[in-house]
Amino acid sequence: MGKHLIEFKNVCKTFDDTEVLKNINLHIDENEFLTLLGPSGCGKSTLLRIIAGFEEPTSGSVCFEGADLCGVPAYERKVNTVFQRYALFPHLDVYDNIAFGLHIKKLGSKEIDSKVRRVLELVNLKGFERRTIGSLSGGQQQRIAIARAIVNEPKVLLLDEPLAALDLKLRQGMQLELKNMQRELGITFVYVTHDQEEALTMSDTIVVMKEGTIQQIGKPTDIYNEPKNAYVADFIGESNIISGIMKHDCLVNIMDTDLECVDTGFAPDESVDVVIRPEDIYILDPDKGKITGVVESVTFKGVHYEMVIDSNGFKWLVHDTAKYEVGSDVSLLVKPFDIHIMKKS
Amino acid sequence: MFKKTLSYPHLVWMVLFVIAPMFLIFLYAFTVTDDGGTLSFTLENFAKFFEPMYIKILFNSVWIAFLSVVFCIILGYPAAKIIADRDRRRIAMGKKATGLLMLFVMPMWMNVMLRLYAWLTILQPDGVLNSFLSLLGLPKLDIMYTQTAVVLGTVYDFIPFMIMPIYSVLIKIDDSVIEAAQDLGANKTRVFWKVILPLSMPGVVSGITMVFLPALTSFYISDFFSGGQFMLIGNLIEKNFKNPVGRNFGSALSIILMIFAFLSMHVMKIFNKSNRQMDMY
């Protein structure tokens, strides 16, 4: 990807006595769709507000195209924000909402007109120019909020959980639209969400955050397949996380069972976290697998059944298209490359 | 049935103190009583009003009420804005509001005459204001018993009614709307003129109605601050009702003032309608 557009260097932020961001180092490239992912209170929104200029870092620096952003007020930054609750101007109609930024830049009315119409077309709301904000549905307000931001042709579009208030169907549609829009416009998107599925669907890069620190930065597939620690594994998708001991390279012991794996580089007998995705576990007849257990519950999930299998007290979460009756004895098989070994965090 | 019975006291109250007086005012306004005590229909009470002297009094009253509204906005809006800004910041941090608004509300709990006499000690020729001015070596100001004093008194008495509605609108403006304006390139001045002021107009409009009408009809303030020499429509009505033969004219004046008040309310309503979207907010 292109050059670094935004660069965070050792950024910390404290509110009163609470550390919200702890030593953040991060770069955002041109034309990148970067998602800040984490539970509420992890500092992802604060990070976004620092880029927008609504918050100043307590220490550290943020550079934009190589120039320090410190002290540059929000209204002079080449970024625009789509707010969580849209924050449209209730006293203006759709047209004037979108034209707000253009009027401030003192563009001619003809230029404003053509830009507003083009962007309304882009968000599929042609003909809505004179509608009042109160007469729009949540999804339409969302599109207007996006239109109001991108009409200014920002270098970076910041999106603060923009889809959180929409229902599932609408949200999935908007995810694809946003991704297409980002490709078409060729601008950088920085997207904040707590929804891992949303992050996996749209992003080029995902930044997983926890309590003000970055846990992992990577492509969606890397984050999903190679989570760096148990926290990331747990946050991105469902997983089974078990303590284990690394006997030697490529052999891990969990629940007194030796399992072959593909990880190397651990000290002998180091204690580790073992992460196994529920869809990577195969259910076999009782005598065929290494780990044995009893089916405790079965839930139909559409494509697959979600089963909980009790094995000497540990509850395995397993996804399988075949159904096993509750109470039946089974055994479990995991292929070596589906076993992910992580250092204890 | 029980619920209906409960409303009877209110009905009696309304008839006794609203409908009956209104009826009497209309009766007096359109009649004269001759020496024999018989009533006869006439429009002369209204015709009398169109003498230049009375027109001038109405004009003066409107002018003073208008000036008072203007000064209430000029002084009240910034006050409301400053208090609202502080309170918003504190509320955003999870603290209680400052209570500065109480400073403007508290004087209203005191007796009005007491408050007006306090002004007398300030404004009279050898009062607090002039002692202070002479201490600074400045020339004396003689504003007691002038129109300036009447406007001052009116503004003083009614400014809480301007500050409160503006404050209550300002405090409710969503922070993210202000941030959105900054995000779109508006500096502080622009944010104010393009977002905060338009969004607070409903508060200003209700402030205007709450100040203009009482200011137009009040008589005690002008009576006190002008020493009775400066006649406003409120004073004129009061004087006519104190005099037994004047009540017909006084009633006619009351009706004229009522019509005037209705008209100005209506103008405000039309003005407010153009801000409908804000009401929804």
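Biologist: Which residue stands opposite A:I341 in β20(A), and what makes β20(A) a strand?

Modeller: The partner is A:V274. As for the name, helices (H or I, at least four residues) and strands (E, at least two) are DSSP runs, numbered from the N terminus. β20 covers 340–343 of chain A, so this run satisfies the minimum of at least two residues for a strand. One caution before we go on: this is a predicted model, in which local features need pLDDT of at least 70 and side-chain atom pairs count only at pLDDT 80 or more, while totals for chains, interfaces and linings use all residues. Residues are numbered from 1 along each chain as its sequence is written, with chains lettered from A and ligands numbered from 1 in the order in which they are written.

Biologist: How do you know that β14 of chain A and β20(A) are paired?

Modeller: Two strands pair if DSSP finds at least two bridges between them. β14 (residues 270–276) and β20(A) have four bridges in the antiparallel sense, so they meet that cut-off.

Biologist: What makes A:H340 and A:M342 differ from A:I341 and A:K343 along β20(A)?

Modeller: They point to opposite faces: A:H340 and A:M342 are on one face and are buried, whereas A:I341 and A:K343 point to the other and are not. A residue is called buried if 20 or more other C-beta atoms lie within 10 Å of its own, exposed if 12 or fewer, and partly exposed in between, with the C-beta atoms placed from the backbone. The alternation fits a general pattern: in a regular strand the side chains alternate between the two faces of the sheet. Over chain A as a whole, 40% of the 345 residues count as buried.

Biologist: Which sheet has antiparallel pairing, and which strands are its edges?

Modeller: That is the open sheet of five strands, ordered β13-β12-β11-β14-β20 in chain A. β13 (257–260) and β20 (340–343) of chain A are called edge strands, as each pairs on one side only. From one strand to the next, the twist averages 45°. Within this sheet, β12 (residues 251–254) pairs with β13(A) over four bridges, and A:N253 stands opposite A:D258 there.

Biologist: Why do β6 and β10 of chain A stand at the edges?

Modeller: They belong to an open sheet of six strands with mixed pairing, in the order β6-β7-β8-β3-β9-β10. β6 and β10 (213–218) each have a single partner strand, so one side of each lacks a neighbour in the sheet. The twist here averages 20° between one strand and the next. Helix α1 (residues 44–52) packs on this sheet, touching β3, β6, β7 (156–160), β8 and β9 (205–210), and its direction makes about 145° with that of β7(A). Helix α4 (residues 138–150) lies across β6 and β7, at about 175° to β6(A). Those angles run from 0 to 180 degrees between N-to-C directions, with axes being lines fitted to C-alpha atoms, for helices over the stretch in contact.

Biologist: Which strand pairs with β3 of chain A in the parallel sense?

Modeller: β8 (residues 188–193) does, over five bridges with β3 (residues 33–37). Across that pairing, A:L36 stands opposite A:V192.

Biologist: What are the domains of chain A, and how many residues put them in contact?

Modeller: Domain 1 is 4–230 and domain 2 is 238–343, with bounds from an automatic or database domain assignment. Their C-alpha centres lie 39 Å apart. Five residues of domain 1 are in contact with five of domain 2, where contact means that C-beta atoms, placed from the backbone, lie within 7 Å.

Biologist: How many residues of chain A are in contact with chain B, and of what class are they?

Modeller: 19 residues of chain A are in contact with 19 residues of chain B. β6 (79–82) and α2 (94–104) of chain A each supply at least two residues of this side, and α2(A) gives the largest share, three residues. By class, the side has ten nonpolar, seven polar and two charged residues. Ala, Val, Leu, Ile, Met, Phe, Trp, Tyr, Cys and Pro count as nonpolar, Asp, Glu, Lys and Arg as charged, and the others, Gly among them, as polar.

Note on methods:
Two residues are in contact if their C-beta atoms, placed from the backbone, lie within 7 Å.
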